[in-house]
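Trainee: Could you take one part of this model and look at it closely with me, starting from a single side chain and then working outwards to its wider setting? I would like one connected account, with the cut-offs behind each term.

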Amino acid sequence: MVTAAEQSNDPQYPDAPQSANEDFLPTRAFKHVTGDITKLLSTRYSILPFPALRKETYFGFVNQLGNSGGGTRRDDPLVLNIGGKVFPDFDLQVLLQYWGTDPDQVIVNLGHEILVPRADGTQLHIPIDERGQMTLNYRARLEDFQQMGYYPMMLGLNDKATGQKSPERNALPPIKDNIVIVGVTFSGTDAGLTPLDNQNEAPLVVTHLNAMNNILQQDFLKPVSPWIWMPLYALFLFGTGNLMLRVGIAPMIPMGIVAMIVLAWISFAALYFGNYLVPVAMPEVGILLLAGAVPTKRFFGEEREKLRVRNAMRSYLSDRVMNKILAHPDGVKLGGVKQVITIMFCDIRGFTAYCDNRDPQEVLNVVNEYFEEMTKVVFKYEGTVDKYIGDCIMAFWNAPDDQPDHAQRAVCCAMEMRYALANFKVKRAGLDTELFECGIGIHTGEALVGNMGSTLKVNYTAMGSTVNLGARLESLTKKFNERILISQATHDALTGDFPITDRGEAIVPGFVDPVHVYGVGAEQDLSSALKIGIKLAQKQDYTAEEVTKPIWAPAPLPEDADPNP
């Protein structure tokens with residue numbers, strides 16, 4: 001059994017037969033071939049053994065074994081197209097002669113398998129791709145095969161034939177019923193890379209040995225179809241991406257690395273335990289891209305979401321509370337949640353009379369200016385402005401951010417709102433002949449707090465009997481001639497010295513039991529405020545001391561409140 005080589009152009013050996021149409025006997029082309037033979041390793045010409053030799057033995061082609069270009073040899077073309085006829089390569093030809101198989105009985109189905117009938121009646125299935133290639137399953141290095149130098153073997157065989165005893169004869173490996181391959185192994189000739197010898201080039205005879213060993217042992221690599229591995233890989237990517245989206249940005253990169261390790265382990269396990277060849281390089285690149293894209297998208301997406309939430313929350317939360325919520329978004333539960341809060345209603349007194357005979361635009365400007373001043377005070381005490389109901393401000397504390405001193409903050413805010421109203425009157429003293437007052441009601445209790453509304457519009461608000469009682473207390477300020485009324489629950493939650501007057505029990509509309517109420521004092525020097533305001537409006541002479549002299553004292557701040565919002 002000898003080798004032949006394909007030749008792409010007219011060879012320079014005029015005395016050697018080249019055409020596949022010449023008599024190659026005993027070597028014969030396969031008769032039963034299905035598939036497109038043009039996809040095979042093809043050439044018109046070939047370099048064959050000299051006529052006397054090829055008539056005595058078979059030959060197979062070896063020149064273009066596997067991948068060219070110096071890369072790792074991974075595929076063995078078992079059949080080749082020489083001048084329009086399909087011939088076996090060297091490895092397949094050796095095995096056909098070893099089994100005594102007639103080439104005319106071999107069936108080649110390109111893209112599927114080579115079916116080889118054997119003398120014992122069994123059939124051997126050799127998987128090939130549409131190019132006639134078998135993927136090599138490297139199981140052994142050259143040194144793992146039984147080997148012997150050519151010269152010592154010739155000496156040993158000669159001594160055996162002549163009946164002489166010698167070390168070479170004793171070292172002869174068993175030859176009968178075995179396959180003996182003669183190949184070049186010295187450095188610098190016919191060498192290349194293999195998966196098992198990736199540091200140094202190995203003699204390429206090892207690829208022939210592994211190819212024949214794969215077929216003899218039926219130890220084939222089974223490439224997994226893209227129709228199978230790609231959907232599974234897509235599910236793996238989806239699961240990995242979904243897990244990444246459930247965690248913060250910091251753990252995403254380690255999760256991507258773990259996913260790459262898991263995918264490599266799955267591919268190795270499939271190869272080791274089942275000979276399944278699963279692609280690794282491109283899927284790993286895909287996970288790498290995912291591990292980079294998801295954190296990037298999350299980072300910029302979160303920034304956009306924070307900006308959107310910030311703009312939406314700016315109208316009813318102070319910047320300090322809003323920054324706390326954005327820093328710890330898990331602390332906010334969307335939807336309704338029961339929460340103990342302190343609710344406050346601040347309503348303008350005599351607003352209807354004030355609006356009479358005034359231009360609506362003028363009234364709107366005044367109300368907006370008033371709301372501006374009052375809202376600044378609410379935000380100073382880190383309250384949540386729920387809504388503006390006509391000329392009334394509804395605000396509450398202890399949601400969405402936890403505030404253990406929420407009752408204290410609400411009462412301090414109410415007192416300072418009274419003082420802020422005095423300053424507002426100073427600004428309006430020279431412009432209005434009538435200046436309105438305000439009444440404030442405060443209650444502490446459990447309410448339902450969260451985003452409520454419809455699919456078309458939602459609002460972060462509070463609702464329940466606690467809210468209703470707060471509104472009723474604001475209405476009772478007229479009856480008790482108080483500017484600020486608080487409930488028993490709010491009174492009990494206060495600490496510190498407040499100017500509080502016990503006003504006894506009151507019948508509250510809509511509530512069965514009487515409610516104990518307290519008045520909170522917050523007096524201002526209104527006459528002084530009006531005097532300065534009129535001077536400013538009429539541009540009369542006034543002293544700097546009159547302008548800068550405070551007309552009220554600030555309300556007592558909670559310990560963690562910001563005095564300069």
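**From one tyrosine outwards**

Mentor: Tyr460 counts as buried because its relative accessible area is 9%, where buried means under 20%, exposed means over 50% and partly exposed is what lies in between, with a 1.4 Å probe and protein chains only. This is a predicted model, in which local features need pLDDT of at least 70 and side-chain atom pairs count only at pLDDT 80 or more, while totals for chains, interfaces and linings use all residues. Residues are numbered from 1 along each chain as its sequence is written, and side-chain values use heavy atoms, with hydrogens and water left out.

Tyr460 sits in strand S21, which covers residues 458-463; helices (H or I, at least four residues) and strands (E, at least two) are DSSP runs, numbered from the N terminus. Between the C-alpha atoms of Tyr460 and Ala399 there are 10.0 Å, although the two residues are 61 apart along the chain. For the wider setting, the protein chain has 16 helices and 24 strands, and 43% of its 565 residues count as buried. Where a contact (heavy atoms within 4.5 Å) joins residues at least 6 apart in sequence, the partners are at least 24 apart in 70% of cases.

The largest nonpolar core, meaning a set of buried Ala, Val, Leu, Ile, Met, Phe, Trp, Tyr and Cys residues joined through side-chain atoms within 4.5 Å, has 42 residues, and those with the most contacts inside it are Met344, Tyr370, Val378, Met417, Ile440, Ile442 and Ile484. Several elements each supply at least two residues of this core, among them strand S17 (337-349), helix H11 (360-380), helix H12 (406-428) and strand S20 (437-453). The largest share, 12 residues, comes from H12. Leaving aside residues up to four places away in sequence, Tyr370 touches Cys346, Ile348, Leu421, Phe424, Phe436 and Cys438. A second core, separate from this one, has 26 residues, including Val116, Leu124, Met134 and Ile215.

Tyr370 also belongs to an aromatic cluster, together with Phe371, Tyr388 and Phe424. Rings of Phe, Tyr and Trp (its six-membered ring) pair if their centres lie within 6.5 Å, and planes under 30 degrees apart count as stacked, over 60 as edge-to-face and the rest as tilted. By this rule there are 9 aromatic pairs. Phe59 and Phe61 form an edge-to-face pair, with 5.8 Å from centre to centre and 85° between the planes, and both Phe59 and Phe61 are buried. Phe268 and Tyr272, in contrast, form a stacked pair, with 5.8 Å centre to centre and 20° between the planes. These two residues lie in helix H7 (residues 252-274), 4 residues apart, or about one turn of the helix, and Phe268 and Tyr272 are each exposed.

Helix H12 comes up again among the charged residues. A salt bridge is a side-chain nitrogen of Lys or Arg within 4 Å of a carboxyl oxygen of Asp or Glu, and the count by this rule comes to 12. One of them joins Arg409 to Glu382, the closest N and O atoms being 3.4 Å apart. Arg409 lies in helix H12 and Glu382 in the loop between H11 and strand S18 (384-389), so this pair ties together parts that are 27 residues apart in sequence. Both partners, Arg409 and Glu382, are buried; Arg409 counts as buried because its relative accessibility is 1%. Arg409 also forms a salt bridge with Asp405, with 2.9 Å between the closest N and O atoms, and Asp405 is partly exposed, at a relative accessible area of 22%. Elsewhere, salt bridges that share partners join Arg28, Lys31, Asp102 and Asp104 into one network.

A further salt bridge brings together the side chains of Lys39 and Glu130, at 3.3 Å from N to O. This pair links distant parts of the chain, 91 residues apart: Lys39 is in the loop between strand S2 (32-34) and strand S3 (42-43), and Glu130 is in the loop between strand S11 (123-127) and strand S12 (133-135). Lys39 is partly exposed, with a relative accessible area of 38%, and Glu130 is likewise partly exposed, with 45%.
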